[in-house]
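Please open the structure in your viewer and keep the selection panel at hand, since each stop on this tour begins with something to select.

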Amino acid sequence: MQAVRRTGGRAVGVLEAVRRSGGRAVGTIVLAAVLVTASPPDRLAAQDSQFGIRGLGMPGRFESVRARSVGGALAPFDGMSPLAEAALGDLGRLTATAMGGTSYRDAELGSTTTSLRTTRFPLLGFAEPVFRRLTLSVSYSTYLDKSWNVTIRDSMLLRGTMQPYADELSSDGGVDDLRIAAGSRVSSHLALGAAVHLLSGSTRLTAIRRFDPVGADSVYQPVSQRDEVRYTGLGFSGSALIDFGPGLRLAAFARSDNRLRAWVGDVLAAETDLPITLGGGIRIAPSPSVRLAASISRRGWAKAVAGSFNTLSWSAGAELGGGPTPIRFGVRGGQLPFGPGTSAPTEVGVAAGTGRAFSAGRAVLDIGIERLQRKGGGLDERVWTFLVGLTVRP
Amino acid sequence: MRALRAAWLAATLGAGGAAGCVERVSAPGQCPEFCPSGSIQIVDTVLATNIERDSAFRGYAFAHRAAAMYLADVPGAVDSRGILATAALTDPVTLPGDTNPDPILGSDSLKLAFTITRRDTAAHNLLLTFYRLPFGLDSTTTFADLAGPFGGAPLRTVNLDSLLAKVARDTSGNLIGVDSATGDAVTVDTTNRRLRVTVKFDSAQAPYVAADSGRLGFGIRVGADVPTSLGIATRASGILSAGVTWYVRVDSTTAADTTLVHEVFPGGITLDSYVFDPPPAPLDSTLAVGGVPSARSLLRVTLPRAIRDSAQIVRATLVVIPAVAWQGAPTDSFVVEAHTVLADFGAKSPIAVDVTRTDTALIRMGAKDTVRIEVTNLVQFWVSDTLAPTALMLRPRNEAGSPAEVRFYPSAAAASRPSLRLTYARRFPFGRP
């Protein structure tokens, strides 16, 4: 109900558009929009993982539903994926997009399997051509997800007696990436882009310890500490798309983020180096209805905190169909930056999805499904993620 | 086309519904591999020298303001006796239907009623012995002042156990025992575990002396097969206290049958207190708690800034060592209370009496073991209000309710000084990866 109230104003406005167009398709889009925007308060956070608890968090993916449905391979070529700004030059008109996703995660550690579920809204973006060759964009995506909740049972020696207790440590929030980007189709063979990334966000952190009663008495009072940590940071990125003939396109992108500063009140609690990202991709379109793509990226997380790793990620996928309902599928693999042990946790996954264009392509509804498996340090995570995205080009 | 749209609608609703589900993010942690790098740090420490400038003060509550008269017969430890003074009767009196005042000629009898709030149920042959005392009793009367009257023959002796043996349920359902031979009675309040005792005195035992306006003084001693003690409710207790009922003869000229009319006059009590031996020892350098008049001890704590500003108190225990154990009947209990001081004005420091800022500990009779008072609430209050004085006052529960007094070693006694054992949590390192 709260979500309906919150989105009520927007829904009424769009309903007016429904009445004007009178299309059932638009009605479907409205329904999808309401579902996408009906969200818990921690919207614009990304998927999380046990691997993000110890470290800076779980890095977000700079991918729209379309790109993610092909394993991420299309992200460098997708104007609404906040990965490579050069692709903005091909948008050609005002475009807005949003996505949401729910992950069902089974975390198997030792002989214990825990089922977890999270809903996130990791992307919101707008792009508008301002000159003939220049498109500006503002997008909001998840940079680091720091939402987790851990319960620990243990005991400690207090006043000569072993005293059992239960700890509940939780973090809710993350670091978001506000990207202000510009992309330009410089020539028919070259597109360039650049962006400034403002990193901001906060987490609500809670640490609670409850001691077991001694007999009927709670001799030791519970510990309950809460605080809010605010994060700031800055980054720059640049990218290029180069066309070699009508069916072959190459992408190159780079990003450098300086430092993530964690503030507790006005006190600087921590300052962490952020990674440099380098990557590239290739897209082959043998026919107008077939697009094959692959990409690779490297992120230098190892300098961030002790025990973190540099990561190399790859993806490959295809988008089939030139009409309003393409079919997408892809695979991805790579490493995760934070985990126990001496080697980086690994991640492999497959994805599939489709889209549906309405009103002569003015609105596109994308859905996708992703299956991931992450392994490392004895933890085996298997994740199903359902994705919904809405792109509007009025 | 229509089927395709329907399939799309279903897929959209399914995906949207899945995205709208509630979250479940809590997972058991396996530490340290999959736990946050920071953890809750608990520190247990003894502040051995942080209690200082401690003092004891006497004179907060007196026997005649106590909630109960303390009667005890514990040879070698304490001999405590109750004293009562009755109010004057109005003489002459104006009887109903008469306009002329009529003089009281004398008494038929007097019934003294009182409420026993506490007794030793394990002590057999519990005897209450009543003495006639001078009516000029007051709050300054001492045990030695009444040695003579108490040394005389008693007015009455009532065996409480014998009276209780006669208890039966009456037509109203009350548990009442009556000794028809003596006129004594007892009513048992099983809810509050109290006894309402009525003792009858005849005209020789409780004479009406016109010159004294009917004022009488009574003394009560307790005895049993074993050392024992009991408590009798006073006017300060807020429950039914002692009272007398006079049965007197009045010279009436209006009565049709005789010139003597038997009238009932309830009488009041002007003093209900107790005297005891030995008298309280004067204060010395130790930290005295209890006694009559009651003594309190003020302990000032220097709480380290690091703890006061950023720690969360998990447990705090005040550790004090008795220098002089308290003495009393085996069944007596001594509860010492630690109160937060609202403002440090020394002896006149106002204390918080609400339960959130008061902690207690029971001390066994004669024990000189270390006394540990859990004062977690108090220290938590100090941490939450950094302007509050970090001082606490020790006082007995039911101040002046008994002469029992315990004395603790002060901070000047280096080897046995009071200390504060603190268990606290350090500030969690929020924000650090």
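Two strands count as paired if DSSP finds at least two bridges between them. With that in mind, and remembering that the model is predicted, select strand E20 of chain B, residues 312–320, and strand E24 of chain B, residues 371–374, which run antiparallel and are joined by four bridges. Within this pair, Val320(B) has Val371(B) in E24(B) as its bridge partner.

Now add E27(B), which is antiparallel to E20(B) and joined to it by seven bridges; here Thr317(B) stands opposite Arg421(B). How many of the nine residues of E20(B) are buried? Eight of them are, leaving the strand mostly covered.

Next, colour the largest nonpolar core, which has 77 residues, and in which Ile313(B), Val375(B), Val379(B), Leu392(B) and Leu394(B) touch the most other members. Strand E20 of chain B gives the most to this core, contributing five residues. Apart from this core lies another, of 56 residues, including Ala61(B) and Ile220(B).

Centre the view on Leu392(B), whose contacts, leaving aside residues up to four places away in sequence, include Leu299(B), His339(B), Val375(B) and Leu378(B).

Leu378(B) leads to helix H5 of chain B, residues 376–384, where Asn377(B), Val379(B), Trp382(B) and Val383(B) are among the buried residues, as is Leu378(B). The buried residues of H5(B) pack against several elements of chain B, among them helix H4 (305–310), E20 and strand E25 (391–396).

Finally, select chain A, which contains three helices and 18 strands, and in which buried residues make up 49% of the 394 residues.

Note on methods. Residues are numbered from 1 along each chain as its sequence is written. Chains are lettered from A and ligands numbered from 1 in the order in which they are written. This is a predicted model: local features need pLDDT of at least 70, side-chain atom pairs count only at pLDDT 80 or more; totals for chains, interfaces and linings use all residues. A nonpolar core is a set of buried Ala, Val, Leu, Ile, Met, Phe, Trp, Tyr and Cys residues joined through C-beta atoms within 7 Å. A residue is buried if 20 or more other C-beta atoms lie within 10 Å of its own, exposed if 12 or fewer, and partly exposed in between; C-beta atoms are placed from the backbone. Helices (H or I, at least four residues) and strands (E, at least two) are DSSP runs, numbered from the N terminus. Two residues are in contact if their C-beta atoms, placed from the backbone, lie within 7 Å.
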